[in-house]
Every structure is written in C-alpha cells, then in structure tokens.
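Visitor: Please show me how to read the empty space inside a protein model.

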Amino acid sequence: MRGWRIAILVSVAIAISYLDRQTLPIAISAIGQEIPLSNQQFSVLQSAFLVSYALMYAAGGKLSDALGTRRSFIVIMLFWSLACAGHALAVNFAMLAVSRLLLGMGEGGGFPTATRAVAEWFPVAQSATAMGIINAGTAVGGVVAAPLVAIILSFMGWRWIFVITGCIGLAWTAWWSHSYFTPALPPERESSDQVDAEIPAASRKSQPEIRWIELLRVRECWGLVGAKFLSDAAWYFYLFWMPKYLYDARGFNIKAVGTFAWIPYAAAGVGCLLGGWFSSYLVRREFSVGVARKLALGLSAGAMPLIILVPHVAVSWAIVIFSLAYFGQQSWSTLVMVLPTDLFPRYVVGSVAGLVGFGGAMGGIAFGQLVGYLLDRGFGYGLVFTLAGMFHLTAFLVILLAIPSIQPMNLERRLNYEGAR
C-alpha cells in the first residue's frame, strides 16, 4: 500500500512539471500583448526549454543514480520551481528564453527520478501500472493549467501565473522531503539489483560503473532512444502548439482555451492509466512481458494517425481527435518509460531513462523548429499534422526491430559481448 502512495506523490510532482511548462503556451496571447512573438520566436522559446531539458534528462538520470531518489527530487524541484517563478521578471524575448532554459534544466530530472522510484518500489507485474499512475500526472497538470491560467488572468496580470505555479512546486518539495524513503526490501527483480538506492554511487563497491557511451553500445538502449525521439517530436508539438493552434487557426480567446483545452489532457490521463493497467493485466494473465508491452504499444501507436484530420474537421471534432491522440500518446509514453525497468539492472535504470528522455526532447526540438519554419512561410497546419501523425507508427517499428525480446539482461555480459564484436 505504501508503494501506491509513493506513486501518487511522484505523480503530483509530474503534474506540477506539466503545469509549469504549459503556463507560457497557454498565456502566450496575453504575454504577446507586452512582448510580441513570431511563430519562429515561439519555437525558439520551446527549443530553449527542450535543449536544457534534454541535457538534464540525461544528466538527471546520472544524478538520480548518484544521489538517490529522495535527494534528487528535492534538488530538481527546488530548481525548477524557482526557474518557473523567474518568468515573472521577463521584459523581453531574451529574458523569456533564459527563463525557459532554466525551467527545462530543472524539469529534465523529473522522469528519470520517477522511473527510479518505480524500480525501488514495484515488481515487474506492477511496474507498468505504477508508471501509468505517475505518468497520469502529465494529464493532471495539463487539465489544471488552462483553467488556472484563465482564472489568474481574469484577476491579475500574466506575471502572477508564474509566481503562483512556482510556489506550488516549493510546497511539494516540503511534502516530499518529509514523506519519501527507500524501502528496506527492494521489489522482486533480478538479484544484481538488490542494492540500497540511496547510497551514493561512489560508495557502492559491489556495483560496476557504467558510462553513457557503454550504454549506447547496447542495441535496446538505441531502440528506446530512437523511438522516443520520434514519438516525442509529435507529443511536444501537441503540448506546446495546441493552444496556439486554437488561437491562430480556430479563433479561440483565453476564455475559450480555458474552457476546452483541458479536455485532451483528461483523455491523456485515462490513456496513462489504461495503457499501464492493460499491460500489467496481461502480465498477470501470464502473457510474457514482451507480448504485454508490445501489444499495448501497438494499440497506442495505431490511434495516432487520426491527428492528420484535425485541420479538416469542425472544431468540436478537432477537440475529440486531439483527445484520442493525447490518450494514445500517454498510453504509449507510459509503456516506453517502463521498458528500462524491464530490460536493464536497477543501478542503471536512471541513466537509461535519462538517455531515452534526451532522445525525446531532441525530437521535440527538431520538429518544433520545423513547425515554426513551415508556419512562418505559409505552409499551414495541414502539412504539420500529417507529419506528426506518422511518427508513432514509425517509432513502433523501431522498437520491434531493436528490441525483439523484452527480458532482464545481464548488462556486464552484454557489454563484454558487444565490446568483443
């Protein structure tokens, strides 16, 4: 029972991270009245977030392996909450860009540390469900963001949005510091994982030191990084550009965005929980982990091409299609982020998750810059949605090719084999 409370606690942290990163896209109309921004500049702001997010996602994995779950979350939440509040000081595009850079630097450690918490508290049969609960925080943050921003703008200026959301993160840090501990007995995983995760890496004499370059010699790691690069290219487009699409192409105002933009995030939350639950259900029914994960991943990816229809249907149907895409994406994301716990020893789970998230953020940067370029040159949203609709299916093919079997590996043996080839 304690483990599920920990999953909820981490889910709240993820919700705060998505609330913080969504404040600028949703408030962009109000911010633009004081600091005018082109589509390309808007892309640069999101890329500033994602560059530092990508780097810290990888470094955050190492940080969580070194400091342990509890201390890592304290450090990163303090940093990103202060960075979020710092947006309130911006008076021009450059200051907004610096604020986004710092916010991404802090938030990048969130998911690697969350993945490590799952490895500490849950056995394989429950890990996908636990990750689904944690990943549902992305939906909660998105659901809260649009109406919260609309309410704050009704009574105060846009700068207060960032002050208030930053304070929420500081309050969670106090809650976490008094609530989290590493379980005395780890979950039932491979015996090489039976270590105290809160002991700094430098003092773990029984564990090998695995460098990133060594992890990148493992085919499964490359497969996860490549799949996340493709799928998150689409996800960050939806995340950052949906409010702007509703403003620019559908004529929404801040009140309309606050009224309707939360709906796809609610569907995303259902996707997180249902995708993780379905995969765990199949494991409990004695399907192999490989079948359980890949069947759920394939069903999730199959829903994503529907997004191609968004520019061609009425706005009510566009919201429905966005909701289906958010559902499929977050079911997919839950399962991709639990795969490192299925494949790799616990002492490198944070590092692998960090590399996977790095790949995802880089996909978001590449596609986000392309979106800004295309829109500023008159290509329109039709082409952009067509590209985004194909990414998940391609990512699923990458996983099928790179990870033919999903089972715990003897990492040292694999590295010795790869090095001998």
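Visitor: How many nonpolar, polar and charged residues are in the lining of the largest cavity?

Guide: Rolling a probe the size of a water molecule over the atoms shows where empty space is left. A cavity is a set of points, on a 1 Å grid over the protein atoms alone, where a 1.4 Å probe fits but cannot get out, and lining residues have an atom within 4 Å of a point. In this predicted model, numbered from 1 along each chain, linings use all residues, whereas local features need pLDDT of at least 70. The lining of the largest cavity has seven nonpolar, five polar and two charged residues, where Ala, Val, Leu, Ile, Met, Phe, Trp, Tyr, Cys and Pro count as nonpolar, Asp, Glu, Lys and Arg as charged, and the others, Gly among them, as polar.

Visitor: Which residues lie nearest the centre of the largest cavity?

Guide: Of the 14 residues that line the largest cavity, Y18, F111, K228, D232 and S333 lie nearest its centre. At least two lining residues come from each of α2 (39-67), α6 (124-155), α9 (219-248) and α13 (315-343). The volume of this largest cavity is about 80 Å³.

Visitor: How many cavities of 30 Å³ or more does a search of the whole structure find?

Guide: The search finds two, and the second largest holds about 50 Å³ of space. Among the residues lining the second largest cavity are S43, Q46, Y236, W241 and G368, with α2, α9 and α14 (349-376) each supplying at least two. By class, the lining of the second largest cavity divides into six nonpolar, five polar and no charged residues.

How values were computed:
This is a predicted model: local features need pLDDT of at least 70, side-chain atom pairs count only at pLDDT 80 or more; totals for chains, interfaces and linings use all residues. Side-chain values use heavy atoms; hydrogens and water are left out. On a 1 Å grid over the protein atoms alone, a cavity is a set of points where a 1.4 Å probe fits but cannot get out, and a pocket is an open set with protein on both sides within 12 Å along at least five of seven lines; lining residues have an atom within 4 Å of a point. Grid points are joined across faces, edges and corners, and a volume is the space filled by probe spheres set on the points. Helices (H or I, at least four residues) and strands (E, at least two) are DSSP runs, numbered from the N terminus.
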